[in-house]
Structure formats: C-alpha cells, structure tokens
Amino acid sequence: MTNAEIVQKTADYVREKFSGEGTGHDWWHMYRVWQLAKTIAAQEKGVDMFIVELGVLLHDIADWKFHNGDEEAGPKAAREWLSSIKVDESVIQHVEEIIRTVSFKGAGMASSMKTLEGKIIHDADKLDAIGAIGIARTFAYGGANNREIYDPNQKPELHQSFAAYKTNGSHTINHFYEKLLLLKDRMYTDTAKQLAQQRHDYMQQFLDEFYAEWDGER
Ligand code: ADP
Ligand code: NI
C-alpha cells in the first residue's frame with residue numbers, strides 16, 4: 001500500500017468507528033482536526049505529513065475518558081490498527097508517542113510534545129476544543145455525562161495533577177476555566193496561536209452573555 005492508501009484506509013476505519021458518537025468525540029471531530037492540522041502544517045517547514053495524518057486520525061481512537069481512565073488504551077489501539085495494515089514500526093512508535101502526549105492533563109500540568117508533527121496535532125486538537133465548536137462540544141460532552149450546565153455555588157478548580165483532573169465531576173461552565181480558556185496560551189505553532197485568539201475571544205463573549213442572562217439582566 002502507498003502512504004496515501006494507508007491514510008485513506010485509516011480515515012475509513014475511524015469514520016466507521018466514530019460515526020454518530022454523541023459526546024463531541026465523533027467522526028466530525030477527527031475530520032475537523034485533520035483539516036486544521038493540514039492548515040497549520042502548510043505554514044511549517046519539514047513536516048512529515050504521513051505522521052501528521054495518521055496521528056490526527058487516530059488521536060482519540062481509545063480515549064482514557066471512555067476506557068476507565070486507562071491512558072495506554074489509545075496508543076495500544078493505534079498500534080493494533082497500524083500493525084494490522086503493516087505500517088513500519090518507526091511510524092507506529094511515533095504515532096503512539098503523540099497519542100500518549102496529546103491529551104490535556106489538568107490546568108497545572110504542562111504539555112510536553114516533542115516533535116513538530118506532535119505539536120501540529122496537539123494544536124489542531126486544542127483548536128477544536130475552543131471557539132463556537134468548542135462551546136458546542138463541551139455542552140454535548142457535559143450532557144452525555146450527566147453534568148449540569150452551571151451551578152453558581154460550585155467554583156472551578158485548577159487541577160494540579162492528572163488524577164485530580166480525571167476524577168472531577170463539576171458542571172460544564174467550570175470546564176471553560178479548568179481547560180478551555182487556558183488553551184490559547186498553550187499552542188505551539190504561530191498559526192494556531194492566531195486562530196486560538198479569535199476563538200478565545202468568542203468564548204469569553206459567550207460567557208459574558210451567559211452570566212448576564214443567568215441573573216435576568218437581559
Ligand atoms: P483532550 O483531547 O485535550 O484530552 P478531551 O478529549 O479531554 O481533550 O476533551 C475534548 C473535549 O471534550 C473538551 O474540549 C470538551 O469539549 C469536552 N470535555 C472533556 N471533558 C469535559 C468536561 N469535564 N466537561 C465538559 N466537557 C468536557
Ligand atoms: Ni481530540
């Protein structure tokens with residue numbers, strides 16, 4: 001198989017697996033992040049697009065959130081798929097490493113993506129968590145997990161460990177403070193930094209409007 005055929009086969013596999021998923025981690029998330037990754041990569045030099053495309057398509061293949069908190073489920077599922085279509089071991093290892101590192105681990109936890117390909121995937125994934133799409137996804141996730149939209153008595157927490165972040169069960173508005181509003185300062189590439197600023201401002205406006213409506217001011 002050529003690299004293009006491997007990417008196509010992987011896209012087909014992921015589309016099949018994630019169509020109709022209801023938490024905002026559906027096929028269209030993978031599709032949008034794939035397109036964003038291409039937009040970001042176009043502005044960078046020396047990118048291995050084969051790694052970017054495989055990594056992006058497989059980055060949520062078995063997220064810990066849906067596998068009892070198991071952080072190795074994703075890398076393992078990616079390896080199984082890529083081995084089944086005879087992808088080189090070096091490519092598999094790079095993709096595994098990216099999937100292991102891409103997930104947000106809490107407000108106090110720094111991200112440590114090493115390679116340019118990983119940074120591009122990280123930025124594309126985090127862009128899809130903010131802005132208008134980010135707002136839609138976060139309430140979809142909250143609803144699917146029986147979380148309340150908002151409770152003024154429950155304040156956000158800036159988690160200092162992955163374990164604390166993982167087990168928190170707060171309302172969805174808190175997720176903006178615990179993660180979404182922090183993302184613009186965590187982008188690696190200049191392209192993503194620019195796109196993130198616009199999306200960030202939009203979320204901030206949404207929150208201002210939300211609180212005004214909450215208290216019956218308008
Ligand atoms: P990452 O890929 O950065 O690890 P996740 O898969 O944890 O991100 O989350 C992706 C999206 O799912 C978030 O940006 C958000 O929209 C939604 N989400 C995850 N956790 C929560 C939560 N606790 N409350 C509301 N939405 C959430
Ligand atoms: Ni994702």
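**Charge, fold and packing in a predicted helical chain**

Q: In this predicted model, how far apart are the mean positions of the positive and negative charges of the chain?
A: The chain carries 25 positive and 34 negative charges. When the mean position of each set is taken, the separation between the two is 3 Å.

Q: How many helices and how many strands does the chain have?
A: From the N terminus on, the elements run α-α-α-α-α-α-α-α-α-α. The count is therefore zero strands and 10 helices.

Q: Why does the chain count as being as compact as a globular protein of its length?
A: For 218 residues the globule rule gives 17 Å. The chain is as compact as a globular protein of that length because its radius of gyration is close to this value, at 18 Å.

Q: What does the C-alpha trace span along its principal axes, and what share of the residues is buried?
A: Along the principal axes, the C-alpha trace spans about 60 × 35 × 30 Å. The accessible surface comes to about 10,900 Å², with 49% of it belonging to carbon and sulfur atoms. Of the 218 residues, the share that counts as buried is 49%.

Q: What share of the contacts with a separation of 6 or more is made by residues 24 or more positions apart?
A: The contacts considered here are those in the chain with a separation of 6 or more. Among these, residues 24 or more positions apart account for 67%.

Q: Does the span of helix H6 agree or disagree with its number of residues?
A: Helix H6 covers residues 116-127, which is 12 residues. At 1.5 Å a residue, H6 should span 16 Å. Its end C-alpha atoms are 16 Å apart, so the two values agree.

Q: Which helices do the buried residues of H6 pack against?
A: H6 is mostly covered, with 10 of its 12 residues buried. Among the buried residues are Ile120, Ile121, His122 and Leu127. The helices that the buried residues pack against are H2 (27-41), H3 (49-58), H5 (89-102) and H10.

Q: Is Phe206 buried, partly exposed or exposed?
A: Phe206 lies in helix H10 (residues 190-214). Its relative accessibility is 25%, and the partly exposed class lies between 20% and 50%. Phe206 therefore counts as partly exposed.

Q: Which residues does Phe206 touch, not counting those up to four places away in sequence?
A: Met187 is 19 residues from Phe206 along the chain, and their C-alpha atoms are separated by 22 Å. With residues up to four places away in sequence left out, Phe206 touches Ile135, Phe139 and Phe176.

Note on methods: Residues are numbered from 1 along each chain as its sequence is written. Chains are lettered from A and ligands numbered from 1 in the order in which they are written. This is a predicted model: local features need pLDDT of at least 70, side-chain atom pairs count only at pLDDT 80 or more; totals for chains, interfaces and linings use all residues. Side-chain values use heavy atoms; hydrogens and water are left out. Helices (H or I, at least four residues) and strands (E, at least two) are DSSP runs, numbered from the N terminus. The radius of gyration is taken over C-alpha atoms; the globule rule is 2.2 Å times the number of residues to the power 0.38. Buried means under 20% relative accessible area, exposed over 50%, partly exposed in between (1.4 Å probe, protein chains only). Contact means heavy atoms within 4.5 Å. Accessible areas come from the Shrake-Rupley method with a 1.4 Å probe; for residues, only the protein chains shown count as cover. Lys and Arg count as positive and Asp and Glu as negative; His and the chain ends are not counted. The place of a charge is taken as NZ of Lys, CZ of Arg, CG of Asp or CD of Glu. The expected span of a helix is 1.5 Å times one less than its number of residues.
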